Amino acid sequence: MRTATYFFIFLNLSLALFEEPAVYPLPFLATAVLEVLCLLVFLGRLTHFAKVTLHNVFWKDTKNICIMVAILLSLTDLAIYGVLRLYGVRSIRWSRIVRPIFLINFAESRQIRRAFRSIRNTLPEITYVFLLFMFSLLMFSLMALKLFGERNLQTAEGLPYFRNYLEIVFDLYVLVTTANSPDVMMPAFDFSSWYALFFIAFVIVNTYIFMSLFLAVVYNNYKKHLKVMPGGACD
């Protein structure tokens with residue numbers, strides 16, 4: 001039963017690859033039949049679980065409620081999408097975002113729920129580090145606007161360089177990952193090699209210091225919450 005449940009969960013999640021917009025498009029009827037089959041299996045699994053569980057215990061379990069709501073939303077979205085498709089109206093399958101609920105909330109997914117709960121409990125504790133990082137990013141972006149915004153610099157494509165604050169924030173955020181390095185700094189470096197000091201300071205503070213600190217906080221808090229807690233670790 002566990003293997004069958006995981007198989008149909010995997011099949012349900014994999015349908016996103018074949019539904020429009022798709023990586024490997026299949027006819028709508030084929031994906032709809034497969035999705036309905038998966039939802040029927042989930043409903044049958046839930047019904048079987050209800051038969052072997054006390055009535056009041058079953059309905060107090062939020063996992064069962066989440067699965068039923070996800071099945072209802074998926075069937076409703078599928079029906080609406082099918083009707084709109086018949087009338088030539090283009091729409092989006094918004095219910096695909098609820099499909100991971102099946103992976104998390106079935107009884108067989110105890111370890112996944114523990115990991116998910118640990119992530120959820122870790123998020124509030126890393127907020128302070130994240131806010132400090134965002135403050136540093138915004139301050140460096142403001143400095144970049146003041147340093148380069150009035151220099152009338154241009155990128156290699158002839159576009160204005162560092163004249164819009166929000167675009168500067170995004171470019172420097174990408175620079176934290178080094179994905180746009182050194183392209184993002186070349187117009188300023190070509191204007192004056194001393195401007196390299198700004199980007200060196202930015203990379204040291206945000207990439208090496210803040211990212212290391214952020215990773216350490218996330219790891220330590222996640223490891224702490226992942227430990228087995230008495231009375232609640234096996235939900």
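Reader: Happy to start with the layout: how far apart are the centres of domain 1 and domain 2?

Author: In this predicted model, 40 Å separate the two centres, taken over C-alpha atoms. Domain bounds come from an automatic or database domain assignment, and here that assignment gives domain 1 as 1–108 and domain 2 as 118–228. Residues are numbered from 1 along each chain as its sequence is written.

Reader: Which helices and strands should I look for, and how many are there?

Author: Helices (H or I, at least four residues) and strands (E, at least two) are DSSP runs, numbered from the N terminus. The protein has 10 helices and 0 strands. The radius of gyration, taken over C-alpha atoms, is compared with a globule rule of 2.2 Å times the number of residues to the power 0.38. For 235 residues that rule gives 18 Å, but the protein has 25 Å, well over it, so the protein is more spread out than a compact globule. Its C-alpha trace spans about 75 × 55 × 25 Å along the principal axes.

Reader: What share of the residues is buried?

Author: Buried means under 20% relative accessible area, with a 1.4 Å probe and protein chains only. Of the 235 residues, 34% count as buried.

Reader: And what can contacts tell me about residues 24 or more positions apart?

Author: A contact means heavy atoms within 4.5 Å. Among contacts with a separation of 6 or more, 67% join residues 24 or more positions apart. As for the ground rules, local features need pLDDT of at least 70, side-chain atom pairs count only at pLDDT 80 or more, and totals for chains, interfaces and linings use all residues.

Key
Heavy atoms only, no water. Buried < 20%, exposed > 50% of the residue type's maximum accessible area, 1.4 Å probe, protein only.
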